[in-house]
Amino acid sequence: MGFGEALRLLAIRAGVELSAREQTGVDDLYRINQLATSFFREALESPEGGRAMEYLKRRGVDDQTRNLFALGYSPNKPDSLQSHLAFHGVTRDLAFNVGLIQRFEDGGTRDFFRGRLMFPICDNRGRVTGFGARALDDGMPK
């Protein structure tokens, strides 16, 4: 059961009526994660993704497997994903709520994942609900 389905089920059990906005909000989260997945996949194919691509080859991950699992790469820049999401109409607040950007006390923000191999995490319906990531150097955490 996906997040939205669980939310609706719990609302029914608790006798709480969800507004159309709350229900749409869940769909927005899936849409934002899908936008991020596409961005990460394109970045893996870019020149900057070369190091991640070499890592996958060394680990025996072929193109078919890479595509099957929608693997990607997060560029090692502070705002590349934010810029991509903003281009698609996603606000910083929404990106923060999804967990894709960090917010600092001074009001600054940066992409949460930088310089990482990206693994989309999907629900039983194939919708991206989050991401796992792997550092490509000795950076912590892996």
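## A walk through the fold, starting at A36

Select A36 to begin: leaving aside its neighbours within four places in sequence, A36 is in contact (heavy atoms within 4.5 Å) with L81, L85, L100 and F131. Keep those residues displayed for the next stops.

A word on what you are viewing: this is a predicted model, in which local features need pLDDT of at least 70 and side-chain atom pairs count only at pLDDT 80 or more, while totals for chains, interfaces and linings use all residues. Residues are numbered from 1 along each chain as its sequence is written, and side-chain values use heavy atoms, with hydrogens and water left out.

**The whole chain.** Zoom out and colour by secondary structure. You will find 6 helices and 5 strands (DSSP runs, numbered from the N terminus: H or I of at least four residues for helices, E of at least two for strands). From the N terminus on, their order is α-α-α-α-β-α-α-β-β-β-β. Of the 142 residues, 35% are buried (under 20% relative accessible area, with over 50% called exposed and partly exposed in between; 1.4 Å probe, protein chains only). Among contacts with a separation of 6 or more, 58% join residues 24 or more positions apart.

**The nonpolar cores.** Now select A36, F40, L81, L85, V90, L100 and F131, the residues with the most contacts inside the largest nonpolar core, which has 15 residues. Such a core is a set of buried Ala, Val, Leu, Ile, Met, Phe, Trp, Tyr and Cys residues joined through side-chain atoms within 4.5 Å. Helices α2 and α5 and strand β5 each supply at least two residues of this core, and the largest share, 5 residues, comes from α2. For a second, separate core of 10 residues, add A43, L71, Y73 and L136, which are among its members.

**Along α2.** Helix α2 covers residues 20-45, and I32 lies in it. Is I32 buried or exposed? I32 is buried, with a relative accessible area of 0%. Show L85, V90, L94, V98 and L100 around I32: these are the residues that I32 touches, not counting those up to four places away in sequence. For a distance to try in your viewer, pick the C-alpha atoms of I32 and T129, which are 97 residues apart along the chain and separated by 9.6 Å.

**Over to α5.** Select residues 80-87, helix α5, where S80, L81, Q82, H84 and L85 are buried. Just after α5, stop at G89, which takes a positive phi of about 85°.

**The sheet.** Next, display β1, β4 and β5: these 3 strands form an open sheet in the order β1-β4-β5, with antiparallel pairing (at least two DSSP bridges between two strands). β1 and β5 stand at the edges with a single partner strand each, so one side of each has no neighbour in the sheet. On average, neighbouring strands of this sheet are turned by 40° against each other, direction ignored.

Follow β1 (residues 72-74) to β4 (residues 116-122), joined by 3 bridges; Y73 has L117 as its bridge partner there. Then move from β4 to β5 (residues 128-135), a pair with 7 bridges. Here R116 is the bridge partner of A135, and M118 stands opposite A133. End at the β4 and β5 hairpin, with 5 residues between the strands, where G126 takes a positive phi near 85°.

Key: Axes fitted to C-alpha atoms, helices over the stretch in contact; angles between N-to-C directions.
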